[in-house]
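Here are some notes on the model that you asked me to look over, set out as numbered points. They deal with the ligand and with the empty spaces in the protein.

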Amino acid sequence: MTTDFKVCGLSTPETVDAAIKAGARYLGFVFFPRSPRHLTPERAAGLIAAVPAGIGKVAVLVDADDALIDAVLAAGIDTLQLHGHETIDRVGGVRARTGRPVWRASGVATRADIAQAIASAGPVDRLLLDAKAPREAVLPGGNGVAFDWQLMLGVSPPMPWGLSGGLDAGNVGAALAALKPAFVDVSSGVEDAPGVKSVSKIMAFANAVRGA
Ligand SMILES: O=C(O)c1ccccc1N[C@@H]1O[C@H](COP(=O)(O)O)[C@@H](O)[C@H]1O
């Protein structure tokens, strides 16, 4: 069975279409002005309108307020990926208020980070383990950096979890074989430049996931 994958940071009709044709289970849209992948809810609505039922439309949010969350849901988003410093109470509050699936993303650089990510995830539907952002990074994610996957050996999070950070067509097979996450998430690894997605790299990533 093929592992589910998400293509994140989509911003054009062509690349949304490519991700759908490649078999992505989730499409990610970033609502964070400092990101080169940032979209307004209005622009996202135009892209989401073309997505068939059955494919998840995930908003990547960083410490978003309720007004932005309501705007992205109105744009057609169905799943909320919280990628900032949201507390357990905030995660639970967003889930209770919206009734939508919530994913909690956490940065990993050490085994202690993984334990902390699990302990502080709150009532999430999925946990997304991403590489901790480099000190000089402007973004909390989407930096194309992987963490040391050996840190996950022997760790079995009690909730469905996904792997992200620095994945691409060349390494995702090894990641899947070693860690067996419920899903994988890619952004920089299917780009020609920050924010510029590549149709051929999306296809190559999908083939690598299927071949794993
Ligand atoms: O992609 C972004 O611009 C972004 C901005 C703010 C928070 C998260 C972001 N992306 C997420 O980062 C990971 C890993 O991305 P990459 O493959 O290493 O580039 C992924 O979960 C994206 O959803």
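1. A cavity, as the word is used here, is a set of grid points over the protein atoms alone where a 1.4 Å probe fits but cannot get out, whereas a pocket is an open set with protein on both sides. The model is a predicted one, and the structure holds two cavities of 30 Å³ or more.

2. The largest cavity has a volume of about 300 Å³, and of the 27 residues that line this cavity, those closest to its centre are His83, Asp130, Gly141, Gly142 and Ser187. Strands β6 and β8 each supply at least two residues of that lining, which by class comprises ten nonpolar, 13 polar and four charged residues.

3. Where does the ligand sit? The ligand is placed in the largest cavity, and the elements that give two or more residues to the shell around the ligand are β6, which spans 126–131, and β8, which spans 183–186. These two strands are thus named both for the ligand shell and for the lining of the largest cavity.

4. The shell itself deserves a careful look, since the ligand is surrounded by 26 residues, of which the closest are Ser35, Arg37, Gly142, Asp185 and Ser188. Divided by class, the residues of the shell are ten nonpolar, twelve polar and four charged.

5. Which side chains come up when polar atoms are considered? A polar side-chain atom of Ser188 lies 2.4 Å from an oxygen atom of the ligand, while for Lys6 a distance of 3.2 Å separates a side-chain N or O atom from a ligand oxygen. For Ser164, the distance between an N or O atom of the side chain and an oxygen atom of the ligand is 3.4 Å. On its own the ligand has 510 Å² of accessible area, and the protein covers 100% of this area.

6. The second largest cavity holds about 40 Å³ of space, and its lining includes Asp130, Ala131, Lys132, Ala133 and Pro134, together with Gly141, Gly142 and Gly165. By class, this lining has five nonpolar, five polar and two charged residues. Asp130, Gly141 and Gly142, listed here, are also among the residues closest to the centre of the largest cavity.

7. The largest pocket should be discussed separately; its volume is about 510 Å³, and of its 24 lining residues the closest to the centre are Gly84, His85, Arg104, Ser106 and Gly107. The elements that contribute two or more residues to this lining are β5 (102–108), α5 (111–119) and β6, and it is β5 that gives the most, with four residues. The lining of the largest pocket has ten nonpolar, seven polar and seven charged residues.

Technical notes: Residues numbered from 1 in each chain as written. Predicted model: local features only at pLDDT ≥ 70, side-chain atom pairs only at ≥ 80, totals over all residues. Heavy atoms only, no water. Near = heavy atom within 4 Å. Polar contact = N/O pair within 3.5 Å; in protein donor to acceptor, adjacent residues only side chain to side chain. Areas by Shrake-Rupley, 256 points an atom, 1.4 Å probe, with all protein chains shown as cover. 1 Å grid on protein atoms, 1.4 Å probe; cavity = no way out; pocket = protein on both sides within 12 Å on 5 of 7 lines; lining within 4 Å. Sits in = over half its atoms within 2 Å of the grid points. Nonpolar A, V, L, I, M, F, W, Y, C, P; charged D, E, K, R; others polar. Points joined across faces, edges and corners; volume = space filled by probe spheres on them.
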